[in-house]
Amino acid sequence: MTEFTYDENEDFVRGRELRGKVLGSEYNERTTQVGAEDDFMGPLRQLSGEFVWGKIWSRPGLDIKTRRLINIAMLAALNRQPEVTTHVRAAIEEGGVTKEEVREVFPMAVTITKEFIKATQSMMT
């Protein structure tokens, strides 16, 4: 495997810092290192750092707590279990979100938003 060198541009650095605050510095450093050690994963980690974290998560329109809850809801609705686990753990351990708030996300995300809409659309045909 060939190593990958990150482009330490402004968006990437801002994204990496924010990702560390959101997901925890240990998790962030470990997964960032995976990209540095792998020229296959590296470009994807670069894009994620710049765009997902440096441009989208860092926008000023929503606070981090709201972004966390929206993200958990979307991941749950899409049944992306490893990512749900990562983001739920981080939301509670890294601050700002309670277990009770996370618990309230799941009925909205999975039952109402996803399944009820499917049922309603089925009835319209």
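These legends accompany close-up views of one predicted model.

**Figure 1. The whole protein is built from six helices and zero strands.** Let us start with the overall picture. Read along the sequence, the pattern is α-α-α-α-α-α. The C-alpha atoms fill a box of roughly 55 × 35 × 25 Å, taken along the principal axes. Of the 125 residues, 33% count as buried. Among contacts between residues at least 6 apart in sequence, 68% join residues at least 24 apart.

**Figure 2. The largest nonpolar core brings together eleven residues.** In soluble globular proteins, nonpolar side chains tend to be buried together. Here the members are Leu-69, Ile-72, Leu-75, Ala-76, Val-84, Val-88, Ala-91, Val-97, Val-102, Val-105 and Ala-109. Which helices each supply at least two residues of this core? They are helix H4 (64-77), helix H5 (81-93) and helix H6 (99-123). H4 gives the most, with four residues. Apart from this core lies another, of seven residues, among them Leu-18, Val-22, Leu-23 and Ala-90.

**Figure 3. A closer look at Val-84 shows its contacts with Leu-75, Ala-76 and Phe-106.** That list leaves aside neighbours of Val-84 within four places in sequence. Val-84, Leu-75 and Ala-76 are members of the largest nonpolar core as well.

**Figure 4. Tyr-6 and Phe-12 form a stacked aromatic pair.** Their rings lie 4.8 Å centre to centre, with 25° between the planes. Is each of these two residues buried or exposed? Tyr-6 counts as buried because its relative accessibility is 11%, under the 20% cut-off. Phe-12, with a relative accessible area of 3%, is buried too. Ring pairs also bring in Phe-4, linking Phe-4, Tyr-6 and Phe-12 into a cluster. The structure holds three aromatic pairs.

**Figure 5. Trp-53 and Trp-57 make up another aromatic pair.** The ring centres of Trp-53 and Trp-57 are 4.7 Å apart. Their planes meet at 25°, so the pair is stacked, since planes under 30 degrees apart count as such. Both tryptophans are buried.

**Figure 6. The largest cavity has a volume of about 100 Å³.** How many cavities of 30 Å³ or more are there? The count comes to one. Lining the largest cavity are Tyr-6, Phe-12, Gly-15, Arg-16, Arg-19, Asn-28, Thr-32, Arg-45, Ser-48, Gly-49 and Trp-53. Helix H1 (10-23), helix H2 (25-36) and helix H3 (42-56) are the elements that give two or more residues to this lining. By class, the lining has three nonpolar, five polar and three charged residues. Readers coming from the aromatic views will recognise Tyr-6, Phe-12 and Trp-53 among the lining residues.

**Figure 7. The largest pocket has a volume of about 310 Å³.** Fourteen residues may be a lot to take in, so to speak, but a few names help to find the centre of this view. Of the 14 residues that line the pocket, Arg-19, Ser-48, Trp-53, Glu-83 and His-87 are the closest to its centre. The elements that give two or more residues to this lining are H1, H3, H4 and H5. Which of them gives the most? H3 does, with five residues. The lining divides into eight nonpolar, three polar and three charged residues. Arg-19, Ser-48 and Trp-53 line the largest cavity as well.

How values were computed: Residues are numbered from 1 along each chain as its sequence is written. This is a predicted model: local features need pLDDT of at least 70, side-chain atom pairs count only at pLDDT 80 or more; totals for chains, interfaces and linings use all residues. Side-chain values use heavy atoms; hydrogens and water are left out. A nonpolar core is a set of buried Ala, Val, Leu, Ile, Met, Phe, Trp, Tyr and Cys residues joined through side-chain atoms within 4.5 Å. Buried means under 20% relative accessible area, exposed over 50%, partly exposed in between (1.4 Å probe, protein chains only). Contact means heavy atoms within 4.5 Å. On a 1 Å grid over the protein atoms alone, a cavity is a set of points where a 1.4 Å probe fits but cannot get out, and a pocket is an open set with protein on both sides within 12 Å along at least five of seven lines; lining residues have an atom within 4 Å of a point. Grid points are joined across faces, edges and corners, and a volume is the space filled by probe spheres set on the points. Ala, Val, Leu, Ile, Met, Phe, Trp, Tyr, Cys and Pro count as nonpolar, Asp, Glu, Lys and Arg as charged, and the others, Gly among them, as polar. Rings of Phe, Tyr and Trp (its six-membered ring) pair if their centres lie within 6.5 Å; planes under 30 degrees apart count as stacked, over 60 as edge-to-face and the rest as tilted.
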